[in-house]
Each structure stands twice: as C-alpha cells, then as structure tokens.
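Q: I'm new to this one and would like a close look at a single part: the barrel. Please walk me through how it is put together and what sits around it.

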Amino acid sequence: MPATRFPDGFLWGCAASSYQIEGAHDADGKGPSIWDDFVSRPGAIRDGQTGNVACDHYHRWAQDLDLMRELGFRAYRFSVSWPRVQPAGTGAVNPAGLDFYERLVDGLLERGMTPVCTLYHWDLPLALEQGHGGWRRRVTAEAFADYAGHVAARLGDRVALWTTFNEMPVSAINGYKIGDHAPGAQEPERVVRQVIHHLLLAHGLGVRALRAALPSGARVGLVTNPWCCVPFFDDEDCVDAARAVFERRNAWFLDPIYRGSYPAEEWAALGPDVPTIEPGDLKTIAAPLDYLGLNIYSSAAVVGGDGSEHDYERWFPRTDNDWAVTPEVLYWALRFVHEIYGAGDLYITENGCAYPDQMGPDGAVRDYARLEYLRGYLRGVARAAAEGVPVRGYFAWSILDNFEWAHGTSKRFGIVHVNFETLARTPKASARWLRNVIAANGF
Ligand code: FCB
C-alpha cells in the first residue's frame, strides 16, 4: 500500500496550450493572434524566438497522444486557438480549424483518454485587438461567447470537461499592465480594471453559451492562478491569518465569480479607477460552475500569526525561472479555496517546474530535481484529499518542453524533453516516475 494515496477515480492528466505547442501559425486558414503579432516585436521574446513552429504538435498530435497514453495519463488538458476557429475573431468560422480539434478529441477518446478543453489560453484573434481594442472593450466579451458556442456545437457531444479561461489575472496584468505578454500594452489602472471586468464578463457569457450548447452532463469551469501563501505555523491563529490574507489577495478575481460582487474595500480604494459595469453583469459573472481549476507553481509568501507577509523566496531554492520550490502550497491553496468559497470540485490544472534539463550521452534525461519537486507537491494534494477537500484530479504542466511565452524555449517545463532542432521527444525520468504514481494511484 503506497504511503501517499489519492482518492479512487482521481483524474491524472497532463496539460499544454495551443500557442505553446501547436506551431502551424498560419496553416489551414488560421488567422493571426495577438501572440503572433507580439513575438515579431524586437526584444519581446528572448533571442527573438517565435511560436511559429513550437513543438509542431499541429502535425505531430497523433504521436503526442500515443506518448501521453504510454505514460499512463487518463486526461489531456489542451486549449483551442480562437483564431484557428474564427480567423477574424468574429463572424465566419473556419471549418478546418475545428477539424483539427475534432481529430484531437477523437484521438483522445480512441486512446481511452478524457479531453479537457480550455477555450482561452491567451491567443486572442489579432483582429479583435487591432480593430476593437481587445479586452478593453465589451464587444470582445460578446465575441468570446459567440466563439464558445461554435466550439461547443462541434465538440460538445464528445468533450465532458470545459474551461472558459486560463488565468485571467495573467491576461490582464501581464498583457495590459506590465506588457511582457501579448498584446504588450501598458495601460493605466482604470483601463486594467476594465480589462479584468471584460474578461470576467466574457467568462460569464461564455458559461451561458456553453450551457446552452452542451448536453446536460457536460461540466463547465474556470481555471485560475490564485495568489498563494502558506502559514508559518500549523496552529489555528496562524492558519486563520493566512486564510484571511489569501482571501483578501484573491478577492478581486474570485469574489465576482463566487459572491457576485467586487470586494467593497478594494472597490472604494480605487476611487475613479473603478471599471464601468452594466446592470446584470455581476449576475452573469456569478453563473454557477461545476468546478474550479487551480494553476499553482509556488507560494508568494509565508504568513505569520499576526497576518504579516514574508517573502518565501528568501528561504527556499528556486527553479530555472526563479519560482521558489514551496511543496506545501498545494495543500494550503486547495484547503483555503475550499474553506473560503466552497467552490465544489477542485482540480490542480497546472503544476510543474522549469529546469535546464540536459540529455546525457546515453540519450536519457535525468531530471531528478523535477521528480523531487513533484513528489513534494503531490504530497500536499494527497493530504488535502485525505482531509476531505474535494480535489478530483491533477494535471502536470507540461507534457512537452514548449514555447514558454516571453522566455521562448529557454525554460523547460516538460516531463518530455523536446529537441527544438529535430523536434524529437524523449520522456524524462520524471515522466517515468509519474507513470508509476498513476499506476499505483499513489507513491
Ligand atoms: C502558467 C501558464 C502556462 C505556462 C506555465 C508555466 O501561468 O498558464 O501557459 O506558461 O505558467
């Protein structure tokens, strides 16, 4: 009997996103996305790289699905590229784009795997940004609902798990405030808050469109990346203090979803920078969900009994992209989300780490640091499950080394190594370790 065990029926999956792995940036009628545009700007991406080819998954999908099955995964979380489906963001649908995702979904089902479909993992059709102001404008939220309906109409009879958005905070903050992600804008606070409101609204309208188009058994959720902290001590005062910090830090994105309102204090503090909201918006945003997915890599802080936040990173080793290794974060985040929002079924929809993995002379990739990272983090998931937190599955980020946004291919998150010259795939030691974990449902 393994010491660390997972509940019966626990869904073990791997994850990736369209722009990061597909390549084929202009194939079969696909329109450009904001990422296709952003990567062409001098200095935007390390070494001037692009995702034009990425892992060439668009052409190698069958081989990649075989690999996932060989590694024992029961589910694959992928995203649909909106501009493949609607090249101009609105209006005409490109059937060839939907054909690709249909091949992918059928391929998963043939291999006995569960498809988990995300509709937006950051690759907005460029026409919506250039012609309509992107997420600054309400029309983009309405366009999203239309797009969601088209995908659901084609794949709804075969995909049981749907996600509207991946990590809205990153779309808004990195895309429209910091500018290190597409569309690379640096907007004032008021515009950023409006962008966030439109993303939330798009989620709500998307949920409505999905419910209308999907069979009743389909499950609709959202994937977010909560700001995370862990308590300094396991005593009740400190846990309460950490939970309060967690709640306050995540309220702007999660209160509208689960409470139908923006947090009052933060709203008041914004003064003239509050977003414009139309009647009914908050009700739309708070549409009931079937699950919440959490993407978590690291904890930002350790919280003392007095609620003070301490930078975690100064005590702990960091991965290749500087995120601290904080294994207990999954336990605390799952527990806090459950206690604060009662959010129903939870999934860890992304977790993993970047290391500069190198292939040995014998062709093996011995990523022992990743293996150890996964071991530590997964213990937290098992602990949460054992204490009754409804965590239903775990998705490793990522199945393949891929195009890690502004870092290009320099940050390797895969459990499968990709040689970006030959595009050869080689499972790393961590993949083999995970295969054993999945087979035993524990370790
Ligand atoms: C997450 C993203 C994913 C990947 C990982 C490392 O924020 O959702 O696309 O970049 O980080």
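In what order do the strands of the closed barrel run, and is their pairing parallel or antiparallel?

A: Before the tour, a word on the model: it is predicted, so local features need pLDDT of at least 70 and side-chain atom pairs pLDDT 80 or more, while totals for chains, interfaces and linings use all residues. Residues count from 1 along each chain as its sequence is written, and side-chain values use heavy atoms, without hydrogens or water.

Now the barrel. Eight strands close up in the order S1-S2-S3-S4-S5-S7-S10-S11, and the pairing is parallel. (Strands are DSSP E runs of at least two residues, helices H or I runs of at least four, numbered from the N terminus; strands pair if DSSP finds at least two bridges between them.) Going from one strand to the next, the twist averages 25°. (Angles run from 0 to 180 degrees between N-to-C directions, and axes are lines fitted to C-alpha atoms, for helices over the stretch in contact.)

For one step around the ring, look at strand S2 (residues 75-79) and strand S3 (residues 114-120), which share five bridges in the parallel sense. Arginine 77 is easy to pick out here: its bridge partner in S3 is valine 116.

Next, find helix H14 lying across strand S1 (11-15), strand S10 (345-351) and S11, at about 165° to S11. (Contact means heavy atoms within 4.5 Å.) H14, residues 368-386, also packs with helix H13, residues 329-341, at an angle of about 35°, and their axes are 7 Å apart. On the H13 side, Val329, Leu330, Tyr331 and Leu334 make the contact, and they meet Tyr377, Gly380, Val381, Arg383 and Ala384 of H14. Sorted by class, that gives seven nonpolar, one polar and one charged residues. (Nonpolar covers Ala, Val, Leu, Ile, Met, Phe, Trp, Tyr, Cys and Pro; charged covers Asp, Glu, Lys and Arg; the others, Gly among them, are polar.)

Follow S11 (391-397) out of the barrel and you enter the loop that leads to strand S12 (416-418), where serine 398 lies. Tryptophan 397 and serine 398 are joined by a cis peptide bond, with omega about 5°.

Another helix pair is worth a visit: the axes of helix H3 (residues 57-70) and helix H5 (residues 95-110) come within 10 Å and cross at roughly 10°. So H3 is roughly parallel to H5. (Angles under 35 degrees count as roughly parallel, over 145 as roughly antiparallel, 65 to 115 as roughly perpendicular, the rest as oblique.) H3 brings His57, Tyr58, Trp61 and Leu65 to this contact, and H5 brings Ala96, Phe100, Arg103, Leu104, Gly107 and Leu108. Here the tally is seven nonpolar, two polar and one charged residues.

Besides the barrel, there is an open sheet of three strands, S6-S8-S9, with mixed pairing. Strand S6 (229-231) and strand S9 (309-311) are its edges, each pairing on one side only. Its neighbouring strands are turned by 35° against each other on average, direction ignored. S6 pairs with strand S8 (residues 301-303) in the parallel sense over three bridges, and cysteine 229 has alanine 301 of S8 as its bridge partner. Helix H10 lies across S6, S8 and S9, running at about 165° to S6.
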